[in-house]
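Work through the following exercises with the sequence and the structure open beside you. Try each task before you read its solution.

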Amino acid sequence: MDPGMNELLKWSVENSSTTANDPSAAPPTNRGLSAAALNALMGGPSDADLMVESMTAIKDPSISLDQKMIAFDNFEQLIENLDNANNLGPLALWTPLLECLEAGQDGDEDGDLKRMAAWCVGTAVQNNEKSQERLLAMGGIEKLVRLVVDEGNSEGVRRKGIYALSSAVRNYQPAMDVLTGELGKIEGRGGQGVKRDAADMDSVDELIGELREEAKSKKEPNGA
């Protein structure tokens, strides 16, 4: 159930019980209701509606880059909420989000979209095992690895991909095993393919630090 609707139902039951037990009680107020619950009460769009609308805008080729970036920023803020992040699956939003990781070449608008997509993935899975599981099942770890090791991507894009990988594998061994397995398949990365304990933060930090250094070492196309 949408978190706003769930909160509204709880509020309704509590206040109905109060009124039934004490007919002289003051009428219920909306004190304590979140913005999502108030939206549901007043008939406004729920967080789920706003998430779908944002992704629709992001995927619409007729919408400008500036508008897509605004939509992505709104989307990222929405999925900072744990319930909203876990709603990505039921709302069928993981597929279009992950598609944005593989859009075009960096240097055009798709570079910005890949960066924002990686940022959103990292936000959704951070300290969230349910979303970590979903990302893994959707093949997201493999997509993020390709994003991170692709030297055709800018440092900004690669670093957001690394952030997403860092969030995806911490304390979640299945994702860590896929990450090291994918890195181990790439020539010259044998050391990064060694199995690591996802609960060992020093070991995780070591691997993530190596990837960040690699991304930093690539110069931007303008020679900066």
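**Exercise 1. Find the residues that Ser167 touches beyond its own stretch of sequence, and decide whether Ser167 is buried or exposed.**

Solution. Leaving out residues up to four places away in sequence, Ser167 touches Gly122, Val125, Gln126 and Gln132, where contact means heavy atoms within 4.5 Å. Next, place the residue: Ser167 lies in helix H10, and helices here (H or I, at least four residues) and strands (E, at least two) are DSSP runs, numbered from the N terminus. Finally, the relative accessible area of Ser167 is 7%, so Ser167 is buried; buried means under 20% relative accessible area, exposed over 50%, and partly exposed in between, with a 1.4 Å probe and protein chains only.

Before going on, note that this is a predicted model, in which local features need pLDDT of at least 70 and side-chain atom pairs count only at pLDDT 80 or more, while totals for chains, interfaces and linings use all residues. Residues are numbered from 1 along each chain as its sequence is written, and side-chain values use heavy atoms, with hydrogens and water left out.

**Exercise 2. Describe the protein chain as a whole: how many helices and strands does it have, and what share of its residues is buried?**

Solution. Begin with the elements: the protein chain has 12 helices and 0 strands. Then turn to burial, where buried residues make up 41% of the 224 residues. Last, consider the contacts with a separation of 6 or more, of which 64% are accounted for by residues 24 or more positions apart.

**Exercise 3. Work out how helix H9 and helix H10 cross, and which residues make the contact.**

Solution. The axes of H9 (residues 140–149) and H10 (residues 155–169) come within 8 Å and cross at roughly 145°; axes are lines fitted to C-alpha atoms, for helices over the stretch in contact, and angles run from 0 to 180 degrees between N-to-C directions. On the H9 side, the contact is made by Ile141, Leu144, Val145, Leu147, Val148 and Val149, and on the H10 side by Val157, Arg158, Gly161, Ile162, Ala164, Leu165 and Ala168. As a last step, look at the cover of H9, where 7 of its 10 residues are buried, Gly140 and Lys143 among them.

**Exercise 4. Place Glu182 and name its contacts outside its sequence neighbourhood.**

Solution. Glu182 is found in helix H11 (residues 173–184), and with a relative accessible area of 18% it is buried. Leaving aside neighbours within four places in sequence, Glu182 is in contact with Glu142 and Val145.

**Exercise 5. Decide how many disulfides the structure holds, and examine Cys100.**

Solution. The structure holds 0 disulfides, a disulfide being a pair of cysteine sulfur atoms within 2.5 Å. For Cys100, the nearest cysteine sulfur is that of Cys120, 8.8 Å away. As for cover, Cys100 is buried, with a relative accessible area of 5%, and Cys120 counts as buried at 0% relative accessibility.

**Exercise 6. Locate Ala92 and Asn127, and find the phi of each.**

Solution. Ala92 is in the loop between helix H5 (82–86) and helix H6 (94–99), and its phi is near 60°, a positive value in a residue other than glycine. Asn127 is in the loop between helix H7 (109–125) and helix H8 (129–137), and it has a positive phi of about 50° although it is not a glycine. To finish, check the cover: Ala92 is exposed, with a relative accessible area of 56%, and Asn127 is exposed, with 75%.
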